[in-house]
Amino acid sequence: MGYPIITVSRQYGSAGRDVARKVAEELKIPYYDKEVISMTAAQTGFSEEVVRNEERKRSVLSNPLFSLTQMIDVQVFMTQSEIIQQLAVQPCVIVGRCADYVLRGQDILSVFINAPLPDRIERVKTFYNRKERDIRALVLRTDKERKAYYEYYTDKNWGDSGSYDLMINSSIGLDLAKDLIVLAARNWHGSQIK
């Protein structure tokens, strides 16, 4: 059976990465997340840290002049977009990196995974082993960075229901969230989101 390419965007602490991995395992299709960062670093010659931090820098760049830093950011985005397109020649799950936008026009199931802020704070404390004093501030800042990155490179609104085919609150349970995405993928007839 031919599944769509599944792209997963997520709020920080929503366990979106875990749900996406479970979906890929259930459907027996490739899963890509940090691999995109590694492949982009290898292709551009930048370190994985530079590639990983490109998302974080986007929200703080305010200089309208096209600086060297911005040129690097655009090169990183363009390279990872090419890599995402190369990976999407077969059904797979791709987490983050504006994959839903990069693959627009293709047969994709775009998913956004969210959760209430208290649940995300608790998850970051418990499972992510973060030691920051103010976990709430970390969660909100990370979401702000993801939103700024997504909206800088796309013409869509991060986290807005009109930008995705399926939105799931992971507080219903990770297995149920996975099951809903798998059900959608198995019954997929093409995206209406452009």
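## A walk through the chain

Let's start with how the chain holds together: among contacts with a separation of 6 or more, 72% are between residues 24 or more positions apart. Keep in mind, as you look around, that this is a predicted model.

What is the chain built from? It has 8 helices and 5 strands. If you read along the sequence, they come in the order β-α-β-α-α-α-β-α-β-α-α-β-α. The chain has 194 residues, and 46% of them count as buried. As for the outside, the accessible surface comes to about 9,900 Å², and carbon and sulfur atoms own 51% of that.

Now pick out a single residue on the inside. Glutamine 80 sits in helix α4, which covers residues 68–87. Is glutamine 80 buried or exposed? Its relative accessible area is 0%, so it counts as buried, the cut-off being under 20%. So what does glutamine 80 touch, once we set aside its neighbours within four places in sequence? The answer is Val36, Thr40, Val51, Arg97 and Tyr149. With tyrosine 149 there is also a polar contact: the two side chains are joined at 2.4 Å. Tyrosine 149 falls within α7, the helix that runs over 135–153.

From there, hop to helix α6, residues 117–127. Which of its residues are buried? They are Arg120, Ile121, Arg123 and Val124. These four lie on the same side of α6, because they cover an arc of only 165 degrees around the axis. And what covers them? Among the elements doing so are α1 (16–27), α7 and α8. Just past the helix, things take a turn of their own: α6 is followed by asparagine 129, whose phi is positive, near 55 degrees.

Stay with α6 a little longer, since aspartate 119 is in this helix too. This one isn't among the buried residues: at a relative accessible area of 37%, aspartate 119 is partly exposed, because that value lies between the 20% and 50% cut-offs. Where does its side chain find a partner? Aspartate 119 and serine 171 have their side chains joined by a polar contact of 2.4 Å. Along the chain these two residues are 52 residues apart, yet their C-alpha atoms are separated by 7.3 Å.

Next, have a look at a loop. Glutamine 106 is found between α5 (99–102) and β4 (108–114). It counts as partly exposed, with 36% relative accessibility. Leaving out neighbours within four places in sequence, glutamine 106 has contacts with Ile5 and Ala88. How far apart are the C-alpha atoms of glutamine 106 and alanine 88? They are separated by 9.2 Å, while the residues themselves are 18 residues apart along the chain.

Let's finish on the surface. Ile172, Leu176 and Leu180 make a nonpolar surface patch of about 240 Å². One of these, leucine 176, belongs to helix α8, residues 174–186. Leucine 176 is partly exposed, with a relative accessible area of 42%. Helix α8 thus turns up twice on this walk: it holds a residue of the nonpolar patch, and it is also among the elements that cover the buried residues of α6.

Key: Residues are numbered from 1 along each chain as its sequence is written. This is a predicted model: local features need pLDDT of at least 70, side-chain atom pairs count only at pLDDT 80 or more; totals for chains, interfaces and linings use all residues. Side-chain values use heavy atoms; hydrogens and water are left out. Helices (H or I, at least four residues) and strands (E, at least two) are DSSP runs, numbered from the N terminus. Buried means under 20% relative accessible area, exposed over 50%, partly exposed in between (1.4 Å probe, protein chains only). A polar contact is a pair of N or O atoms within 3.5 Å; within protein, one must be able to donate a hydrogen and the other to accept it, and residues adjacent in sequence count only if both atoms are side-chain atoms. Contact means heavy atoms within 4.5 Å. Accessible areas come from the Shrake-Rupley method with a 1.4 Å probe; for residues, only the protein chains shown count as cover. Patches are made of residues with over 30% relative accessible area and no salt bridge: like charges are joined within 9 Å, nonpolar side chains (Val, Leu, Ile, Met, Phe, Trp, Tyr) within 5 Å. A salt bridge is a side-chain nitrogen of Lys or Arg within 4 Å of a carboxyl oxygen of Asp or Glu. The arc is that of the directions from the helix axis to the C-beta atoms.
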